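Trainee: I've got a model open on my screen and I'm not sure how to read it. Can we go through it together?

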Amino acid sequence: MKINDVLKVFGFVAVLLLIVWGSRSFWEVRPSDIRDLVISFGWWAPVVFIALLTFRPLVLFPTSIFSIAAGLAFGPYNGFIYIFIGAIGGASLAYVISSFLGMKFWRKPSPKMSSVREKMAENSFFYILILRLLPFLNFDLVSYLAGAGKVRYLPYIAATAVGIIPGTIGFVFFGSGLSGEDRVHLYVAVVMFILFSLLLFFTRKKLKSWFGDSKDEK
C-alpha cells in the first residue's frame, strides 16, 4: 500500500471520529447524558432506550450517539441487543412514514438521489445492504428513500438487519470501552473502524459506479 493510501485511510478514521465528536457538540447531548437519562428509569431503562431509539428518525438525532450510550449504559452485549431492536424499529418507522407520504417531497430529487432510489427498487436487498454496511449516505435518508421509492418492506428490513450489525458492534464496543471497565472493547472498536475505513476507501469508486456516478465508470 502506498504512503498516500495509508494517509487517506487514517484520514477516514479521523473524519469518523470527528463526526462522532461533532454530533455531540451540535446536539449538545453526550452519550453519557443519554446513559444517565435511561438508567434513571431502573428496570424500565431498556424499554425507554428502545423507545427513544425507535422515534429518533423523527428528529434525525445521530444514531452513533445512541450506540455509544448503549455501550456505556448496558455493556457491549445487552447494548447491542437494545440498539439492534431500536434501530430496526426506527428504520421501520421512517419507512412507514415515507411510504404514506409517497413521492410528494421527492418530485424533483437530485440526480444522485434518483439514481439511489432506482437502484434500491431494482435490487432492494443488495443495494440497501451495501448502503447499510458502507454508510456513505445518511442512515435515515436511506430509510426515507426506500419508503418513498416503494421498495418492498421485507427485503428492505432484512438488508437493514444484516447491514447494521458490524457498525453497531463497533460503536457499542467503543462506548463500553469508554466506560473503562474493559479496554479490550475499545481496541476492538478501533480495529473495526479502521477495517471499515479501509473497505470504504477501496470500494468507493465501485460504489459510485453502482449508484450512477458516471465519472467513476470510465
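**Talking through the model**

Mentor: Sure, let's begin with one residue. Leaving out residues up to four places away in sequence, Y156 touches A91, Y95, I128, R132, S143, A146 and V151. Keep in mind that this is a predicted model.

Trainee: Is Y156 buried or exposed, and what is its relative accessible area?

Mentor: Start with where it sits: Y156 lies in helix α8. A residue counts as buried under 20% relative accessible area. Y156 meets that cut-off and is buried, with a relative accessible area of 0%.

Trainee: How far apart are the C-alpha atoms of Y156 and S143?

Mentor: S143 is on the list of residues that Y156 touches. Along the chain the two are 13 residues apart, and their C-alpha atoms are separated by 8.6 Å.

Trainee: Which helix supplies the largest share of the largest nonpolar core?

Mentor: That core has 19 residues, and M120, I128, A146, V151 and Y156 touch the most other members. Helices α4, α6 (124-133), α7 (139-148) and α8 (153-178) each supply at least two of its residues. The largest share is five residues, and it comes from α8.

Trainee: How many residues are in the second, separate core?

Mentor: Look for I34, I50, F61 and A70, which this other core includes. It is separate from the one we just discussed, and its size is 16 residues.

Trainee: Why is α6 described as largely enclosed by the rest of the structure, and how many of its residues are buried?

Mentor: Find the buried residues of α6 first: they are S124, Y127, I128, L129, I130, L131 and R132. The helix is largely enclosed because its buried residues number seven of the ten.

Trainee: Now α4. What does helix α4 span between its end C-alpha atoms?

Mentor: Helix α4 covers residues 63-101, and a straight helix of 39 residues would span 57 Å at 1.5 Å a residue. But α4 bends by about 120° at G75, and a proline, P76, follows within four residues. Between its end C-alpha atoms, α4 spans only 23 Å.

Trainee: Which residues does S67 touch, not counting those up to four places away in sequence?

Mentor: S67 lies in helix α4. It is buried, with a relative accessible area of 3%. Leaving out residues up to four places away in sequence, the ones S67 touches are I83, F171 and V172.

Trainee: Let's zoom out. What percentage of the residues in the protein chain is buried?

Mentor: The protein chain has nine helices and zero strands. Among its contacts between residues at least 6 apart in sequence, 75% join residues at least 24 apart. Of the 218 residues in the chain, the buried ones make up 45%.

Trainee: And what share of the accessible surface belongs to carbon and sulfur atoms?

Mentor: The accessible surface of the protein chain comes to about 11900 Å². The share belonging to carbon and sulfur atoms is 68%.

Trainee: Last one: in which helix is confidence lowest?

Mentor: The mean pLDDT of the chain is 77, and 67% of its residues reach 70 or more. Over residues 214-218 the pLDDT is below 50, and beyond near neighbours in sequence this stretch has four contacts in the model. Where pLDDT is low, the predicted coordinates should not be read in detail. Among the helices, confidence is highest in α3 (residues 45-55), at a mean of 94, and lowest, at 53, in α1 (residues 3-27).

Methods:
Residues are numbered from 1 along each chain as its sequence is written. This is a predicted model: local features need pLDDT of at least 70, side-chain atom pairs count only at pLDDT 80 or more; totals for chains, interfaces and linings use all residues. Side-chain values use heavy atoms; hydrogens and water are left out. Buried means under 20% relative accessible area, exposed over 50%, partly exposed in between (1.4 Å probe, protein chains only). Contact means heavy atoms within 4.5 Å. Accessible areas come from the Shrake-Rupley method with a 1.4 Å probe; for residues, only the protein chains shown count as cover. The expected span of a helix is 1.5 Å times one less than its number of residues. The bend at a residue is the angle between axes fitted to the seven residues ending there and the seven starting there. pLDDT is the predictor's confidence in each residue, from 0 to 100. A nonpolar core is a set of buried Ala, Val, Leu, Ile, Met, Phe, Trp, Tyr and Cys residues joined through side-chain atoms within 4.5 Å.
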